[in-house]
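Student: I am new to this structure. Please take a close look at the charged side chains and where they pair up. Walk me through them slowly.

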Amino acid sequence: MNLADMLSYADIHDLGRIATTYNCECNGHSKNELIQSILSTVTRREVFERQVIELSIEDIRFLNSLIFDKRGSFSLEELIARVQQSRFVKEEDDGWNPRDMITRFKQRGWLFNGYSRDTRYLFQVPADLKKRFGDALGKQLQQQLDLSDEPGVYRDEQKLIIEDIYHFLHFVGQQETVLTAENFMYKRYLQQVLDRLSVKEELVGKTAWRFGYGRMFKEYPNRFSFIYDYCYFQELITEHNQVLALSEKGRDRIANSHKEDLLQVYRFWLRLYKGAIPNLQSLAQWVEKLTKTWATIESVKAALVPLIRPFYYDNPDSIIEQRILQMMMHLGLIRIGQHEDKGTVVQLTKIGGRIIQGIYVPEEDLIVLPFDNR
């Protein structure tokens, strides 16, 4: 429902609080006057944009978690969890209460309780305001961009990941591959696989930590770790008795020269990485909106880093560059180039726009991995 509909279902006390927030001058005892006054004020662009500009970074992060969520309603517990996720730095005994933010959003007319018996304990965001929030936040983020013309060289991996998933399955079908006790490929086999792939990666060196971005992320380089996990979770490969082999489904793929659907591969990336980056889907949406033309990677990072929560030793800067932009390039969604004057630049690909806009993964739908296997 849109704002006008939700206002009509709201009780007069809630309308009065919203009217007070916007300094509406009207008869507070007339529901009709309250609704008309609120609508005429909130729909004024300068009023709406000023409200958004004055939001705290925690408010913006919370709002961002709602903009791209296609569900119509949220429980109080879910909203509280999202508010808590929006606060990256917590101080002891500062009196902060996540319910206060929800109350402020209600007083602005940005959140409403449901009106039916089944939805009275749920909260809804007006559909028309969702779009306006997205436009207003997008305008703020775009102002931070440093745009560029086409660079002299750029890397565009198109559908190479689809080809390399097939190459990996073909390798497994041809080569008996013995696994370690932890079900990792021995390095001699791993190196043979990496040499076959279109995008070259080095073996993982000894590092202090590697977890959170997939089941095999600890031992395999980023892109191949993703390819391996995709094949495992799609049940294309098996790991029985410390031997890596094709499943019946995987053998069928090879026998029929069947390649994967990039939409499905992208959907899997969202699900796999969302454990470490809860708002990954909205960040991918912002990348799509901000990179329709070439822009410096530093300006894109500057716009989006405040929305990214650190993940253990992985800071927001490395998350946006390595976990998001690099992987989006591997998926063929963006291309990354080197400009003579501007440095590293990034642009959305045509297929990237279609895929990002065409896929939605419910926020609760992520792949949960055992901690000690990450």
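Tutor: Start with the term. A salt bridge here is a side-chain nitrogen of Lys or Arg within 4 Å of a carboxyl oxygen of Asp or Glu. Keep in mind that this is a predicted model.

Now take one pair. D317 and K301 form a salt bridge, and their closest N and O atoms are 3.3 Å apart. That distance is within 4 Å, so the pair fits the rule. The two residues belong to distant parts of the chain: D317 sits in helix α16 (residues 316-330) and K301 in helix α15 (residues 297-304), 16 residues apart. Are the two partners buried or exposed? D317 is partly exposed, at 36% relative accessibility. K301 is buried, because its relative accessible area is 3%, and buried means under 20%. Salt bridges can also share partners. D69, R71, E78 and R82 are joined that way into one network.

Look next at E288. Its partner is K292, with the closest N and O atoms 2.7 Å apart. E288 is buried, with a relative accessible area of 4%.

A further pair is D146 with K342. Their side chains meet in a salt bridge at 2.7 Å, N to O. This pair, too, links distant parts of the chain. D146 lies in the loop between α8 (127-142) and β4 (153-155). K342 lies in the loop between β9 and β10, and the two residues are 196 apart. D146 is partly exposed, at 32% relative accessible area. K342 is partly exposed as well, at 35%.

Stay in that loop of K342. E340 is found there too, between β9 (334-339) and β10 (343-348). E340 is exposed, at 77% relative accessible area. E340 also belongs to a negative surface patch, along with D149, E150 and D341. Why can E340 count toward a patch? Patch residues need over 30% relative accessible area and no salt bridge, and the 77% of E340 is over that cut-off.

Step back to the whole protein. How many salt bridges are there? The count comes to 21. The protein carries 49 positive and 52 negative side chains. The centres of these two sets lie 2 Å apart. About 18,300 Å² of the protein is exposed, and carbon and sulfur atoms supply 46% of that.

The frame around the charges comes to 17 helices and 10 strands. The C-alpha atoms fill a box of roughly 80 × 50 × 45 Å along the principal axes. Of the 374 residues, 51% are buried. Take the contacts between residues at least 6 apart in sequence: 65% of them join residues at least 24 apart.

For contrast, try a residue without a charged side chain. G352 is in helix α17 (residues 350-358). G352 is buried, at 0% relative accessible area. Leaving out residues up to four places away in sequence, G352 touches G332 and L333.

Two loop residues finish the tour. N241 has a positive phi of about 55°, although it is not a glycine. N241 lies in the loop between β6 (237-238) and β7 (243-246), and at 76% relative accessibility it is exposed. N183 also has a positive phi, near 70°. N183 lies in the loop between β5 (177-178) and α10 (187-196).

Key:
Residues numbered from 1 in each chain as written. Heavy atoms only, no water. Patch = residues over 30% accessible without salt bridge, like charges linked within 9 Å, V, L, I, M, F, W, Y side chains within 5 Å. Areas by Shrake-Rupley, 256 points an atom, 1.4 Å probe, with all protein chains shown as cover. Lys, Arg positive; Asp, Glu negative; His and termini not counted. Charge placed at Lys NZ, Arg CZ, Asp CG, Glu CD. Helix = DSSP H or I, 4+ residues; strand = E, 2+ residues; numbered from the N terminus. Buried < 20%, exposed > 50% of the residue type's maximum accessible area, 1.4 Å probe, protein only. Contact = heavy atoms within 4.5 Å.
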